[in-house]
Amino acid sequence: MLLSEQDQFLSYNGEVLVFQLSKTKHAEEADDKTMNLCVRRMAFNRDTKLFVQKSSGVFSMGASHSKIEIICCSCTTDSRTGIILPCILMKKKKRNNVKYFLLLLHSSNQFEPSFYFKLDYELKEDIRLFAGPSLLWRHANKLFYISSNTRVVQSAPVQLSSVVWTGEIVGEGTVVLGIRTACLPETEDPDGFSVSDRAIWGSEFFGYAVQTQKMLPGTCFMPHAYSRVVSSVCVCKSESLKKQLRISLVAITHKNQLIWFQNGAPKGVCELPYEKPRSVKPALTSSNDLLFVVAFASGNSCVVQRRDSLQVASKWQKVKCVLVDDFIGSGSEQLLLLFKDDSNTDVLSTFKITDLGEVNYASGINYKQDVPAAEGLQENGLLTVRALETRLQAGWTSVRELQQHLGLQKRVILESCRALIDLVEERTHILPNSKEVKCRRRARSEGLVSLWDDVENPPDSLSKETSLSSEVPEHFTEELWLRVVGDSLVVGVKLTESFYLSLSDVSLSLVMDQDLSSISPIIKCQSKIIKLNKAFSALTVSSSQIGPPPKKMKLDLRSNNDLKKEFPKRSSRIQLDEAKTVTAVTSLSPLLAFHRVCCVVLLHARKQNHQNDSLQQSKKITVLCGKILLTLEDISSGRYSVKMPRDNSYCTASMEDILAILAVSVRFSFQIESCDYTLTPVSSWLLGEMECTPFKGCQDNIFCHKAGNIHGTIFNWALKNPFEGVLTIFCRNLTVLFQCLHSLTRVLPPNCGVKLLRSGSKGALTEQLALALEKEMLTLKNSLSLKKAENSLTWGNESGKKINNAPLASLLDTEEGVQEFRKKLQNEQEECVQSMNQTMNGALYQKIALKIAEAQLSSDMIVWSLA
């Protein structure tokens, strides 16, 4: 196959795609009415050391009185599936009308037209393809772009003289870095450096976010002084830290230099071997070396290596193009250089594959006959280096484990010496509490097991902990607040960490503190419990669910007392891990009829006691949390209204406002599965069409700012894998839910399944079922222990008669002794028979049966949710 000047090369998944335009035979006879765009997939064969054709495809186009050209090609992300595909920009010119269209190439070699548009001029300057697919270009010092979603040419509100880079920036999306005439402000900046540079050089860098139409300061890329000499840029790394962009990049200049910039400041410079550098692209080799491939207008290329400093590692002449990909399938990138060869015009006839290290293949060499030893040494050397690297990493891991083991031995020996000194001096060796906790945590993390069969907490400490947890502290509420959400009044009480109460029995009541004999003073309201961990990384709205315990309960406890002491310890440790807020929601309009309302907030709960005769006893308690005052003036002024402000693409609402929204919302969870396409459109739908912004304290939960009924809805999107995720919606009513689902179904991929989860995710329900079954088993075991210890059980010796435990030989010597022995034997037989028919007190049996039934009911409810 012969090549022409318009042929385009593109690397994709280790293959080389060759795009060519050709006329069909019947088209040549019929006045050039049809033109074919052909693609050939070429792969490198490591046996023959040549590129071979794997497959091909053809796309036919009508070309009557038209001229068709390939403008450019690149690998871009398809916004519908999130998959990177080859994209080709074509031009069809007919008289003064110019038509451009984009084609996507699928793995089956089928071309898919993405979109087309018409212009009254030709694209010549700064043409870039990016995700969407989308196209960007510069014309008459203006920036234009079009995407597959809008399919309308749009103009950016900026004037620029050149585009030096287009790509993705973390948190900003697609960003264009360009150069424009300096726009000096009326007042000097506080630092003064940026304005001075622009005033001296007359030009400046600027960044423009295409999706958000936001301007970015150019000084975070590089100083404005370089705007007169930089021709092309390659951004290597970008991140957002404390609302500031941190960017690492390299730039090539008209002065034949390559400069490394870190956070806007130059860090290194390298002189290039040729003139007029045109573009620069990065490559990461097997030895983790970062290379920069620079192409020049003369057809030459060079590679700059960045280690301690920037330096030219290699250079080549008469290079047609340089591609970067994993062509040999080694797991790292290599450079593919295609050279100009007038004597041989076949596809990929003259090439070189190298990573400036172990990999080095070149065309025109017979590896099997000319240099068999060198080829074998190259393969063996590559395998040997990889094996040595693996052994080095394994050895370093062993050294670190040995260091940890030696440190642990040192701590054990030191503590043993202290214990021995205390023993010799007849002193009691007691470890401090802080050191004891630290050592135990360290021992668990290092997988140590105690040599003694001890219990982590002795009975004395358990008794002390139980007595403390059974007492309700005087001040257990951190904060009392109220908010107005629509027609609802939300009152919240934040509990302290030392509040040891059962969450299933906690509720709030609102009682009017007014003398109104005609109406009931108790206000009807609905209570909810909202659990947030300290980092605000999880949202849970429930009324009875408790999270999993931090560790499994021991089944081999020594006695019944130990078992009863383990229950309060487990409950308290769970609650200390999370911050809990109890809310009460009531209708606001009936209260406003009084113009001024004063309510007393009461908290109802069950106080748990642990006694010797039963597993658990509880009594109801009512605690006064405070009073709230609500007036019509406060409502009109918006004093207690919920505010959801935005700051730098984040929702900076207060914790009370977020909890108020959750309290009046209903939670729905949906499992979304897609077999053929990734679920990338869900995130785009949330951030785009739904106008959502993440909370500043928890970016997993986002708030909907879209106007209308949907405003105020909270979403949580959790991806299990690219094809499966769970979408949780906190909405006010079913109407809002149906609106959200209707909008979601329009952007979901075809054949996508949406399933309503009744009680949460399958994994969480499975873990809850395991805990419920464990609790059921422990309840049954503890009930059997109580039955054996009950005083009402009828065993032998009910008469209380004591039998003389005389020696057996002395009893058989006399007739009286024989009679006594016979009587003792009969008593033992009766005792054995009675032990086979034990009886139980009715009250104890009722108590045990109730506890077992409650444990089984909890397990059955979780099984029903999983069904």
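R746 is exposed, with a relative accessible area of 57%, in a model that is predicted. Its side chain forms a salt bridge with E689, and the closest N and O atoms of the two are 3.1 Å apart. Because R746 sits in the loop between α11 and β43 while E689 sits in the loop between α10 (680-687) and β39, this pair ties together parts that are 57 residues apart in sequence. E689 is partly exposed, with a relative accessible area of 28%.

**The sheet beside this salt bridge**

The strands β39 and β43 named above belong to an open sheet of 6 strands, which are ordered β39-β40-β41-β42-β38-β43 and pair in the antiparallel sense. β39 (692-694) and β43 (752-757) stand at the edges with a single partner strand each, so one side of each is left without a neighbour in the sheet. From one strand to the next the twist averages 25 degrees. Helix α11 (residues 734-745) packs on this sheet and touches β38 (666-674), β41 (714-721) and β42 (724-731), its direction making about 145 degrees with that of β42. At one edge, β39 is joined to strand β40 (residues 701-704) by 3 bridges in the antiparallel sense, and within this pairing P694 stands opposite I702 in β40.

**Salt bridges around E122**

The structure holds 15 salt bridges, and K67, E69, K91, K93 and E122 are linked in a network of them. E122 forms one salt bridge with K91 and another with K93. The first of these links distant parts of the chain, with E122 in the loop between β8 (111-119) and β9 (125-130) and K91 in strand β6 (residues 84-94), 31 residues apart. K93 also lies in strand β6, 29 residues from E122. The burial of the three residues can be stated from their accessibility: K91 counts as buried because its relative accessibility is 7%, whereas E122 counts as partly exposed at 24%, and K93 is likewise partly exposed, with a relative accessible area of 31%. Side chains of opposite charge can pair when their charged atoms come close.

The three salt bridges described here are listed below with their N to O distances.

| Salt bridge | N to O distance |
|---|---|
| E122 and K91 | 3.0 Å |
| E122 and K93 | 2.6 Å |
| R746 and E689 | 3.1 Å |

**Strands and core in the N-terminal numbering**

Strand β2 (residues 15-23) is mostly covered, as 7 of its 9 residues are buried. Strand β1 (residues 8-12) pairs with β2 in the antiparallel sense over 5 bridges, and F9 has V18 in β2 as its bridge partner. The hairpin of β1 and β2 has 2 residues between the strands, and in it N13 takes a positive phi near 55 degrees. β2 is also joined by 8 bridges to strand β3 (residues 34-45), the two running antiparallel, and here L21 stands opposite L37 in β3.

L37 appears again in the largest nonpolar core, which has 38 residues and in which F19, L37 and M90 have the most contacts. Strand β7 (residues 97-105) gives the most to this core, with 7 residues. Leaving aside residues up to four places away in sequence, the residues that L37 touches include F19, L21, V58, F59, M90, L103 and F111. Apart from this core lies another, of 27 residues, among them V493, M512, C599 and V623.

How values were computed. Residues numbered from 1 in each chain as written. Predicted model: local features only at pLDDT ≥ 70, side-chain atom pairs only at ≥ 80, totals over all residues. Heavy atoms only, no water. Core = buried A, V, L, I, M, F, W, Y, C linked by side-chain atoms within 4.5 Å. Buried < 20%, exposed > 50% of the residue type's maximum accessible area, 1.4 Å probe, protein only. Helix = DSSP H or I, 4+ residues; strand = E, 2+ residues; numbered from the N terminus. Contact = heavy atoms within 4.5 Å. Pairing = 2+ DSSP bridges. Axes fitted to C-alpha atoms, helices over the stretch in contact; angles between N-to-C directions. Salt bridge = Lys/Arg side-chain N within 4 Å of Asp/Glu carboxyl O.
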